[in-house]
Amino acid sequence: MNQKPELLAPVQNFATLKAASKYADAVYFGAKKFNMRMNANNFTPSEIRKAVKFCHDRNMKAYLTTNIIIYDDELEKVRNLIEIANSADIDAVIVHDIGAIELANEADVDIHISTQANISNTETAKFYQKLGAKRIVLARELNLKQIKKIKEGINAEIEAFVYGAMCVSVSGRCFMSATLYGKSANRGNCLQPCRRQWIVKEEEGNELIYDGLRFLNAKDLCMIEHIPELIDAKIDTWKIEGRMKDPLYVDTVLRVHREALEAYFKNEYTPDKAKEWKKQLSKVYNRGFSTGFYFGMPTNKQIELKEHGTKALLKKKIAGKVLNYYRKNSVAEIQLNDRGIKTGEEIIVQGNTTFLKQKVESMQIEGRPINKAKKGTTVGLKVNEKVRKNDLIFVIKGASKEFK
């Protein structure tokens with residue numbers, strides 16, 4: 001019997017952490033510095049302890065990403081960050097810079113080698129294992145056969161991405177943003193010029209090759225229709241990409257993968273169910289789907305040439321904000337500054353530490369039950385759990401009965 005893999009969720013703040021906690025076995029996140037998503041919300045060093053405790057109280061593991069290139073004048077700051085994480089009882093740090101690996105070993109913290117190291121063969125994996133790696137996050141350019149071979153040849157755990165945004169460069173090691181805009185992807189500041197339209201001409205002859213196409217705009221990885229193949233490859237951890245994404249994305253993607261994973265081990269996984277799960281994934285942020293390198297080299301069919309940004313079927317429309325929360329009655333006083341709402345609509349209440357997804361079941365104005373509330377009004381809204389002052393209210397458009 002194959003072992004059930006760890007389901008690893010991306011988080012950037014307490015709201016996404018809360019969303020992930022319902023389905024994930026573990027989460028990974030960055031601090032304000034030294035991670036590959038510097039433009040994410042990220043935790044402050046002082047919040048790491050609280051985040052780790054939140055995870056451990058729910059039997060989840062917590063991993064800190066410190067996976068950018070490190071310079072000499074930053075080594076002591078990285079050392080301090082690792083020590084803070086260690087004192088918070090972090091389960092591992094995700095690194096790829098050799099200096100960061102040494103600092104983590106000095107602190108006796110478990111290390112996972114980032115995909116940034118581009119580990120593509122057994123000997124490289126063994127090298128990092130000798131440096132103390134408990135887990136290898138494999139290069140994203142490997143197929144299933146290559147992944148199996150590496151797993152068979154090492155003692156460390158292996159981790160691989162199974163869902164989320166893909167980069168056309170080798171395991172995300174790209175210089176395009178730095179060259180064009182002075183914002184380095186390898187320092188966590190990528191401006192994603194690869195997603196834009198480009199005109200490309202041949203130098204000799206001036207032949208037009210691409211005219212305004214997004215020929216570097218890779219579709220998102222989605223392996224939900226290939227769960228048995230992933231299980232067969234004996235990948236220890238399934239990694240979901242998305243540390244820049246909102247709680248709705250984290251909630252939906254982790255729920256779907258949890259359902260699929262559990263279905264497989266109950267012998268209830270079917271191709272028809274997989275197609276339905278893929279439909280649910282299409283509701284949140286995505287650029288279209290592909291299987292990446294898992295079944296061979298990608299072709300131009302796995303590039304989104306024309307459309308920019310998300311193809312998500314669900315749209316969040318801001319309605320207003322929370323003015324007060326009344327714990328005794330589980331009622332939020334909300335001000336509808338941007339649009340009205342009505343009973344039966346799906347809403348999200350979202351803040352720095354809040355993520356609540358529910359239908360509008362009950363509203364009142366001055367004690368009088370209502371079914372509709374217009375823009376510009378203040379109403380009492382029955383909520384399913386605690387919300388906080390200044391949390392934002394969003395109406396979900398494009399939702400259906402599958403909304404959970």
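**A buried lysine, a helix pair and two positive phi angles**

Lys239 is buried, with just 5% relative accessible area. The model is a predicted one, and in it this lysine sits in strand E11, which covers residues 237-240. Its side chain has a partner: a polar contact of 3.1 Å links Lys239 to the side chain of Glu159. Glu159 also turns up among the residues that Lys239 touches, leaving aside those up to four places away in sequence. Ala160, Phe161, Val162 and Tyr163 are on that list too, together with Leu8, Tyr28, Ile94 and Val137.

Turning to the helices, H5 (residues 122-130) packs with H6 (residues 144-153), the axes lying 9 Å apart at an angle of about 40°. Because of that angle, H5 counts as oblique to H6. The two cross in a right-handed sense. On the H5 side the contact is made by Thr122, Ala125 and Lys126, and on the H6 side by Lys149, Ile150 and Gly153. Sorted by class, that gives two nonpolar, two polar and two charged residues.

Then there is the backbone. Most residues other than glycine have a negative phi. Lys234 has a positive value instead, with phi near 60°. This residue lies in the loop between helix H8 (227-232) and E11, the strand that holds Lys239. With a relative accessibility of 45%, Lys234 falls short of the 50% that exposed residues must exceed, so Lys234 counts as partly exposed.

Asn267 likewise has a positive phi, near 60°. The loop here is the one between helix H9 (247-265) and helix H10 (271-281). Asn267 counts as exposed, because its relative accessibility is 74%.

How values were computed: Residues numbered from 1 in each chain as written. Predicted model: local features only at pLDDT ≥ 70, side-chain atom pairs only at ≥ 80, totals over all residues. Heavy atoms only, no water. Helix = DSSP H or I, 4+ residues; strand = E, 2+ residues; numbered from the N terminus. Buried < 20%, exposed > 50% of the residue type's maximum accessible area, 1.4 Å probe, protein only. Polar contact = N/O pair within 3.5 Å; in protein donor to acceptor, adjacent residues only side chain to side chain. Contact = heavy atoms within 4.5 Å. Axes fitted to C-alpha atoms, helices over the stretch in contact; angles between N-to-C directions. Parallel < 35°, antiparallel > 145°, perpendicular 65-115°, else oblique. Left-handed = near helix turned anticlockwise from the far one by under 90°. Nonpolar A, V, L, I, M, F, W, Y, C, P; charged D, E, K, R; others polar.
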